[in-house]
Amino acid sequence: MIRLRRPATAAALTLTAVTAAVLGLAGPASAHVTVNPKEATQGSYGRFAFRVPNESDTASTAKVEVNLPENAPVGSVSTMPVPGWTVAVEKRKVDPPIEVHGSQLTEAVSKLTWTAAPNGGVKPGEFQEFPVSMGPLPQVDRMVFKVLQTYSDGNVSRWIEEPTPGAEEPENPAPVLTLAAAEASASPAASAPAAAADDDDDDDADTGAATAFGVAGLVAGLAGLILGGLAFRRTRREPAAKS
């Protein structure tokens, strides 16, 4: 029995070692800047966070630059304060204007730059999220955000490659927000059958009420005839009064 278990144990250890090696090699390749959540609806507003991991063993991430896509301008972009960081907002002219709540906007946010305080930033082995609120989201299939990540030692990671659907992920992929079309609201014509059904229900209710009153009247009439007949029979049985 022992001789049978030893080979199995050795195989399990070998499999574990191989798995760890594969995961160890795959880990750094998947540690890139992302936007979360990764999906939203066209025309809606949402809260999104750019998640920035630190891939350096010796330097901190000191600056993060997020470029909004030129082909998909957003009318309203606001940032949430991040402790230890300051943010600068850059805008650009847009033509045609963007309509937001009935107003025509001729400018849109083009770039967000977060800068860490001295001796701060994202340390090795850590990550930081930079939340933003955006909307209304444009009528496009996706938004590609090109990001530059600057380290305290001067090195820059450029997350600017646009992923291609169905192809392998590029070495330095840019964060992508996928946008789905909004569901069409119910049209007035669609509600017409419902209204007609309500009218039919009202007619049925009126008909039912009339029927109920008719039955009640019939019962009352029958009761009157029965009582009259009983009274007549009683009168015939009583003897006539003597004069």
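Arg-142 is partly exposed in this predicted model, with a relative accessible area of 29%. That value falls between the 20% and 50% cut-offs, so the residue counts as neither buried nor exposed. What does Arg-142 pair up with? Its partner is Glu-162, and the two form a salt bridge in which the closest N and O atoms are 3.8 Å apart. Glu-162 sits in the loop between β11 (156-159) and β12, while Arg-142 belongs to strand β9, so the pair ties together parts that are 20 residues apart in sequence. Glu-162 is partly exposed too, with a relative accessible area of 44%.

**Charged pairs**

How many salt bridges does a search of the whole structure find? It turns up four. If you're wondering why such pairs form at all, side chains of opposite charge can pair when their charged atoms come close. Here are some of these pairs side by side.

| Acidic residue | Basic residue | N to O distance |
|---|---|---|
| Glu-129 | Arg-51 | 2.7 Å |
| Glu-107 | Lys-93 | 3.6 Å |
| Glu-162 | Arg-142 | 3.8 Å |

Take the salt bridge between Glu-129 and Arg-51. It links distant parts of the chain: Glu-129 is in strand β8 (residues 127-135) and Arg-51 is in strand β3 (residues 46-53), 78 residues apart. Glu-129 is partly exposed at 28% relative accessible area, and Arg-51 is partly exposed at 33%.

Now look at Glu-107, which has a salt bridge with Lys-93. Glu-107 lies in strand β7 and Lys-93 in strand β6 (residues 85-100), so this pair ties together parts that are 14 residues apart in sequence. Is Lys-93 buried or exposed? Lys-93 is exposed, with a relative accessible area of 63%. Glu-107, on the other hand, is partly exposed, at 36%.

**Strand β3 and its partners**

Arg-51 brings us to β3, the strand it lies in. Six of the eight residues of β3 are buried, so the strand is largely enclosed by the rest of the structure. Which strands does β3 pair with? One is β1 (residues 34-36), which joins it in the antiparallel sense over three bridges. Within that pairing, Val-35 has Phe-50 of β3 as its bridge partner. Another is β8, again antiparallel, this time over eight bridges. There, the bridge partner of Gly-46 is Met-134 in β8. So the strands β3 and β8 are joined by backbone pairing, and they also hold the two ends of the Glu-129 and Arg-51 salt bridge. As background, strands of a sheet pair through backbone hydrogen bonds, either parallel or antiparallel.

**A small open sheet**

Strand β9, home of Arg-142, is part of an open sheet of three strands in the order β2-β12-β9, with mixed pairing. Why is one side of β2 and of β9 left without a neighbour in the sheet? β2 (39-41) and β9 (142-144) stand at the edges, and each has a single partner strand, so one side of each has no neighbour there. From one strand to the next, the twist averages 25°. Three bridges join β2 to β12 (residues 176-180), and these two strands run parallel. One bridge to look for pairs Thr-41 with Ala-180 in β12.

**A buried serine**

Strand β7 (residues 103-116) also holds Ser-110. Ser-110 is buried, with a relative accessible area of 15%. Leaving out residues up to four places away in sequence, it touches Val-66, Asn-67, Leu-68, Glu-90, Lys-91 and Arg-92. Among those neighbours, Glu-90, Lys-91 and Arg-92 fall within the residue range of strand β6, 85-100.

**The whole protein**

Stepping back, the protein has two helices and 12 strands. Starting from the N terminus, the elements run α-β-β-β-β-β-β-β-β-β-β-β-β-α. Buried residues make up 27% of the 243 residues. Among contacts between residues at least 6 apart in sequence, 69% join residues at least 24 apart. The protein exposes about 16,300 Å², and carbon and sulfur atoms supply 58% of that.

How confident is the predictor? The pLDDT averages 78, and 63% of the residues score at least 70. Over residues 1-29, pLDDT stays under 50, and the model has two contacts beyond four places in sequence for that stretch.

Note on methods:
Residues are numbered from 1 along each chain as its sequence is written. This is a predicted model: local features need pLDDT of at least 70, side-chain atom pairs count only at pLDDT 80 or more; totals for chains, interfaces and linings use all residues. Side-chain values use heavy atoms; hydrogens and water are left out. Two strands pair if DSSP finds at least two bridges between them. Helices (H or I, at least four residues) and strands (E, at least two) are DSSP runs, numbered from the N terminus. Axes are lines fitted to C-alpha atoms, for helices over the stretch in contact, and angles run from 0 to 180 degrees between N-to-C directions. Buried means under 20% relative accessible area, exposed over 50%, partly exposed in between (1.4 Å probe, protein chains only). Contact means heavy atoms within 4.5 Å. A salt bridge is a side-chain nitrogen of Lys or Arg within 4 Å of a carboxyl oxygen of Asp or Glu. pLDDT is the predictor's confidence in each residue, from 0 to 100. Accessible areas come from the Shrake-Rupley method with a 1.4 Å probe; for residues, only the protein chains shown count as cover.
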